[in-house]
Amino acid sequence: MSDFKTVYTICGMCTVRCPAQAFVKDGEVSFVRGNPHAGGIKGSLCARGAAGVALTMDDERPQTPLIREGERGEGKWRSVSWDEALDYVADKIKELQAKHGKETVLFSDRGGPFRDHYRAFLRGIGTPNYCNHDSACARNVQHGAMSVYGFGRKTVSYDLKNAKHVVLQTRNIFEAINVKEVNDLLDAMDNGCKLTVIDVRANIPASKADNVFIIRPGSDYGFNLAVLHVMLRDGLYDKEFADKWIQDLPALEEFVRPYTPEWAEKETGAPAAAIEDFVKQIWEAAPSVIWHPGWMTARYSDSFYVSRTAYLISALLGCVGAKGGLPLVSKPGDVGAKGLKSFMNLYPKPEAKRVDGVGWEQGMTHLDPGPGLVNLAYKAIETGKPYPITAYIAHRHDPLMAFPDKRDVLESWKNLELLVSVTFSWSDTAWNADVVLPLSPYLERDSIIATKNGLSPHFFKRNQAMKPRYDTKAEWEIYSELAKRFGLDEMVFDTIEDLWNFQLQETGVTLEDFEATGTAKLTDSAVYKEVNEKTFKTPSGKVEVISAALEKSGLESLPAYKAPAHPPAGRYRITFGRCGLHTQGHTVNNPLLFERMPENILWMHPEAAQKLGIESGEYVEVGNNGYTGRIRAYITQFIHPEAVFMVHGFGHDLPAESRAFGKGAADNMLMPKGIDNYDKAGGAIAMQEHFIEVRKTAA
Ligand SMILES: Nc1nc2c(c(=O)[nH]1)N[C@H]1C(S)=C(S)[C@@H](COP(=O)(O)OP(=O)(O)OC[C@H]3O[C@@H](n4cnc5c(=O)[nH]c(N)nc54)[C@H](O)[C@@H]3O)O[C@H]1N2
Ligand SMILES: Nc1nc2c(c(=O)[nH]1)N[C@H]1C(S)=C(S)[C@@H](COP(=O)(O)OP(=O)(O)OC[C@H]3O[C@@H](n4cnc5c(=O)[nH]c(N)nc54)[C@H](O)[C@@H]3O)O[C@H]1N2
Ligand code: SF4
Ligand SMILES: [Mo]
């Protein structure tokens, strides 16, 4: 490969952002692999990362800025220059701000490390309404961590490589991929690490596990209460850690007393003896245990309490701050380095309060105001309360697929006078937008420098590997151009080098430092920080069983278990998850990945299939509230009989996507009014509280 130029980049095919290396010839990327210098990924990417090349080649993506001509969603566009599109957006925002106040602008994204520059833009134009996607993903985990430890979920990491027992509860680690995590866990398992899977079906991790619990969907909280019961009944916990760092343990002991393994067997289906044995196993492995608090947990009204109890179990096992458990991550300052200069700090915090009420309204003071809850901001679009939202920029976010039932979400957006989608692929949201600002795919763009906090904190950056094939731009260019139109000159840069040098100016790190390996290390070896008085950011400085913040919002710290409803006759609980080959909904139309997996399938139990006379492999109809999807049945005893399961992201109906069009069924469309069913304690939508019909397709 010596005639290839190599460029260090960061994969952009999913939210994980693995370090990558592109091989370039004659200005085109021919091949990508994992950055060989990056620890843990072993030079590899997953299939989706590799398919980044196919994304650049794909002409079924927005190729120029577009302004809507017909009605919203009609698909009639005028292709325009960047100047015209950005003038249009800037003028409209100015007009709406003059009419309704600066805070009338809402913005949502997909979170992540590359946000500082565009968040500065939002501050610069004076709106507090920055949101992310997370009420459809991990908000319950975030708020679970905050309520127990006083810090967010990313303040600890998962030391999978050194773990002795990993518990995956609602966590499909080998299909919902993070390459480093997959490799680390497989290495640990080679060294004897045990694996336990608690799921509603046998996913890929279950096929490699030592213990598998296929439980009744939605009964996880009951399972965890029984685990706590056994731990506290038999003293299988780290007493020294508990004495020093856990507040109100007697209240927990008292609370879990009735939740015996025998009780849990009836509720969850997990055999009592197996629960007892499992608790002994994790106690033997403590503190090198990772009880994963979950990732995509926007599933039930009590998912927040599942994460909370997972964090309490981890604390009792002494895993917080432990090697092989949940070690505390370091930031640059913790290892004696200086952090990047922030663009956001260029502007003052906007004066207006968040429109979603998060952080200030009664009942919402325990919630993390950083990214708020975008679903509540949609309510404000509808009602104009506490003030009107009239402009919305969905940046790297497809809420119409990410939230339940796009018809309901679209209805809530009716009062928007400006809807902008910044995206590299078509999506329902882009299709319904007024303006589409096309982003260059990851191989075609530079990104701002980002910080990776962790055991070995470092800076990393994405370098453009090839020029954009179409008239698309990088994020930093789009927001520099917009900022210019608002006179925010401090955040306007003509070249990426100028921008990077702005970020690095106080760090002592230079651009040359990234050249050899693609990252700039801030420490030579992994740092394991000990738990101390400053670790837990709760009012007591300890792990809190009873959370004053929750109780102030009128919520319980230890609510009694409520059994999930059984499906009505002829219906099944919808459950969903990931597959290794696709990212959410945005890769289904990728030529390479589509070829590998063109449609999703419906997992169902033989009992259900027999009743309906359905054979494996035949197409069936799934329906709820007027939506009908067509999907192939996959009949397996390895799923709970109350549930059906499908991979999320299919059932596209956009004419612009010829491959994905009409393939498989859309799980999100089977959740009518689901956008309103959100959890007051954890903040996330409860997407699996819907029962769907399955019908044999008429011959
Ligand atoms: N029913 C149901 N709903 C779900 C889920 C489910 O399993 N079932 N999963 C939930 C989960 S876990 C999540 S995280 C959300 C995900 O929801 P989203 O965040 O909306 O999902 P993505 O498809 O990753 O990204 C959205 C859009 O951003 C574009 N895009 C991708 N990368 C970039 C980029 O780097 N920059 C920009 N500007 N655009 C980019 C994509 O082309 C895509 O159109 O959905 C949630 N909603
Ligand atoms: N390949 C790939 N990898 C990805 C993504 C992707 O789109 N594609 N997306 C990324 C994102 S944004 C996220 S949030 C993560 C998601 O990561 P995960 O949350 O680990 O992934 P999922 O497959 O959505 O769900 C995990 C498991 O929950 C199970 N489950 C469903 N209902 C229940 C229940 O009631 N109880 C229990 N115990 N289990 C249940 C499902 O069967 C599934 O096996 O993946 C990330 N990685
Ligand atoms: S997990 Fe796969 S798609 Fe996601 S960043 Fe890594 S290589 Fe890319
Ligand atoms: Mo997610």
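In this predicted model, the C-alpha atoms at the two ends of residues 4–60 lie 28 Å apart, and the span is 18% helix and 35% strand. The same residues, 4–60, are covered in an unreviewed UniProt entry by the annotation "domain: 4Fe-4S Mo/W bis-MGD-type".

Two of the ligands can be described through the residues that surround them. The residues around ligand 3 include four cysteines, namely Cys11, Cys14, Cys18 and Cys46, together with Met13, Val16, Arg17, Leu45, Arg48 and Gly49, and the list is completed by Ile177 and Val179. Sorted by class, this shell around ligand 3 holds 9 nonpolar, 1 polar and 2 charged residues.

Around ligand 2 there are 31 residues, of which Asn172, Asp199, Asp220, Tyr300 and His582 come nearest. By class, the shell of ligand 2 is made up of 11 nonpolar, 11 polar and 9 charged residues, and at least three residues are drawn from each of domain 3 (158–327 + 529–552) and domain 4 (571–696). Both side-chain and backbone atoms of the protein approach this ligand: a polar side-chain atom of Tyr300 lies 2.7 Å from an oxygen atom of ligand 2, a polar backbone atom of Glu175 is found 2.9 Å from a nitrogen atom of the ligand, and a polar backbone atom of Gly218 is 3.1 Å from an oxygen atom of ligand 2. Taken alone, ligand 2 would expose 920 Å², and the protein buries 99% of that area.

Burial can also be followed within the protein itself. Helix α18, which spans residues 475–485, is largely enclosed by the rest of the structure, because 8 of its 11 residues are buried. These buried residues are Glu475, Trp476, Ile478, Tyr479, Ser480, Leu482, Ala483 and Arg485. Just after α18, Gly487 takes a positive phi of about 70°. A further buried residue is His395, which has a relative accessibility of 1% and therefore falls under the 20% limit used for burial. His395 belongs to strand β13, residues 391–395, and its C-alpha atom is separated by 29 Å from that of Ser147, a residue 248 positions away along the chain.

The backbone geometry deserves separate attention. Most residues other than glycine have a negative phi, and most peptide bonds are trans. Against this background, two cis peptide bonds may be described. One of them joins Ala286 and Pro287, with omega at about 5°, and Pro287 is placed in the loop between α12 (272–285) and β12 (289–291). Another runs from Lys385 to Pro386 with omega near 0°, where Pro386 sits in the loop between α14 (374–383) and β13.

Positive phi values also occur in residues other than glycine. Asp248 has a phi near 65° and lies in the loop between β11 (246–247) and α10 (249–256). With a relative accessible area of 33%, Asp248 is classed as partly exposed, because this value falls between the 20% limit for buried residues and the 50% limit for exposed ones. Lys673 has a phi near 60°, again a positive value in a residue other than glycine, and is located in the loop between β24 (643–647) and β25 (691–696). The relative accessibility of Lys673 is 53%, which is over 50%, so this residue counts as exposed.

Key. Residues numbered from 1 in each chain as written. Chains lettered and ligands numbered in written order. Predicted model: local features only at pLDDT ≥ 70, side-chain atom pairs only at ≥ 80, totals over all residues. Heavy atoms only, no water. UniProt positions renumbered as here; feature names shortened; annotations may be inferred. Helix = DSSP H or I, 4+ residues; strand = E, 2+ residues; numbered from the N terminus. Near = heavy atom within 4 Å. Polar contact = N/O pair within 3.5 Å; in protein donor to acceptor, adjacent residues only side chain to side chain. Areas by Shrake-Rupley, 256 points an atom, 1.4 Å probe, with all protein chains shown as cover. Nonpolar A, V, L, I, M, F, W, Y, C, P; charged D, E, K, R; others polar. Domains from an automatic or database assignment. Buried < 20%, exposed > 50% of the residue type's maximum accessible area, 1.4 Å probe, protein only.
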